[in-house]
Amino acid sequence: MRLSDEAAQSVRAPLTAAIVKHRNILWIILLVVFALAFNGRWRVGRDSPLYRGLGHSLASGHGYHFGSFGSHQIYPGLPVLLAGLEQIFGQRDLPPILMMHLFALGCLILTYKLVNLRYPRWIAVIVTFATGMNGWFLQLTNEILADIPLLFGLLLALYGWERLRLATQRDPALELNE
């Protein structure tokens, strides 16, 4: 027997209200998981030495060259950031790893804001929490690869686009001619 829409809403309302009310507990759980996964050491993956090597080569003034493979396969965005961090802090593992964690935090914030633009707050909370608890996301957060900065840039562009769409829908004078 299927519940009517009113009955289904009366069942969902306490759960969704509890999610919104206790969302700070979920954020604390996320922070604890991130803190437990953080060890401050560079987790060497398959491509991360290419990024670090290109960044070191740029920082030491040797140009965008690291072996025969790296300079042809790696886009320069992340190596330039790594070179800047190496110029400021020296050749250490902690600053790039912290940068990746800041990008990951930015991804979670933008995920929340983006979902919250179109859906109820409880959905934004659950989607953001599930994204942060995802093992692959957590693993990529602790590696020095372009995946998390790329995701951050993508979410930032989508959030900006969606805010622009909402602004033009509210104000007909701002609509662009198609």
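**Notes on an all-helix model**

1. Q139 is a good place to start: this residue is partly exposed, at a relative accessible area of 35% (buried means under 20% relative accessible area, exposed over 50%, and partly exposed in between, with a 1.4 Å probe and protein chains only). Q139 sits in helix α8. The C-alpha atom of Q139 is separated by 8.6 Å from that of A37, although the two positions lie 102 residues apart along the chain.

2. A word on the basis of these notes. This is a predicted model, in which local features need pLDDT of at least 70 and side-chain atom pairs count only at pLDDT 80 or more, while totals for chains, interfaces and linings use all residues. Residues are numbered from 1 along each chain as its sequence is written, and side-chain values use heavy atoms, with hydrogens and water left out.

3. Now the overall picture. The secondary structure comes to nine helices and zero strands, which reads along the sequence as α-α-α-α-α-α-α-α-α. Helices (H or I, at least four residues) and strands (E, at least two) are DSSP runs, numbered from the N terminus. Of the 178 residues of the chain, 34% count as buried. Taking contacts between residues at least 6 apart in sequence, 68% join residues at least 24 apart; contact here means heavy atoms within 4.5 Å.

4. Helix α2 has the length one would expect. At 1.5 Å a residue, its 15 residues should span 21 Å, and the end C-alpha atoms are 21 Å apart, which agrees (the expected span is 1.5 Å times one less than the number of residues). Its buried residues are L26, L30 and F34. Seen down the axis of α2, these fall within an arc of 75 degrees, so they line one face of the helix; the arc is that of the directions from the helix axis to the C-beta atoms. The face turned away from that buried side carries the exposed residues I28, L31, A35 and L36. Among the elements covering the buried residues of α2 are α6, α7 and α8.

5. The pairing of α2 with α7 deserves its own point. Two packed helices are described by the angle between their axes and the distance between the axes. Here the axes of α2 (residues 23-37) and α7 (residues 121-133) come within 10 Å and cross at roughly 10 degrees. That crossing makes α2 roughly parallel to α7. From α2, the contact is made by R23, L26, W27, I29, L30, V33 and F34, and from α7 by R121, V125, T128, F129, G132 and M133. By type, the residues of this contact divide into nine nonpolar, two polar and two charged. For the terms: axes are lines fitted to C-alpha atoms, for helices over the stretch in contact, and angles run from 0 to 180 degrees between N-to-C directions. Angles under 35 degrees count as roughly parallel, over 145 as roughly antiparallel, 65 to 115 as roughly perpendicular and the rest as oblique. Ala, Val, Leu, Ile, Met, Phe, Trp, Tyr, Cys and Pro count as nonpolar, Asp, Glu, Lys and Arg as charged, and the others, Gly among them, as polar.

6. One residue of that contact, M133, belongs to α7 and is partly exposed, with a relative accessible area of 35%. Leaving aside neighbours within four places in sequence, M133 is in contact with L30 and V33. M133 and V33 are 100 residues apart in sequence, yet 7.8 Å apart in space, C-alpha to C-alpha.

7. T141 is another residue to look at in α8 (residues 135-141). At 0% relative accessibility, T141 counts as buried. Beyond neighbours within four places in sequence, T141 is in contact with F34, M100, H101, A104 and I148.

8. Helix α5 can be read in a similar way. The 13 residues of α5 (residues 77-89) should span 18 Å at 1.5 Å a residue, and the end C-alpha atoms are 19 Å apart, which agrees. Buried in α5 are L78, P79, L82, A83, L85 and E86. They cover an arc of only 165 degrees around the axis, which puts them on the same side of α5. Q87 and I88 are exposed on the other side. The cover over the buried residues includes α3 (48-59), α6 (94-118) and α9 (147-170). G90 follows α5 and has a positive phi, near 85 degrees.

9. Lastly, L150 lies in α9 and is exposed, with a relative accessible area of 61%. The C-alpha atoms of L150 and L78 are separated by 9.4 Å, with the two residues 72 apart along the chain.
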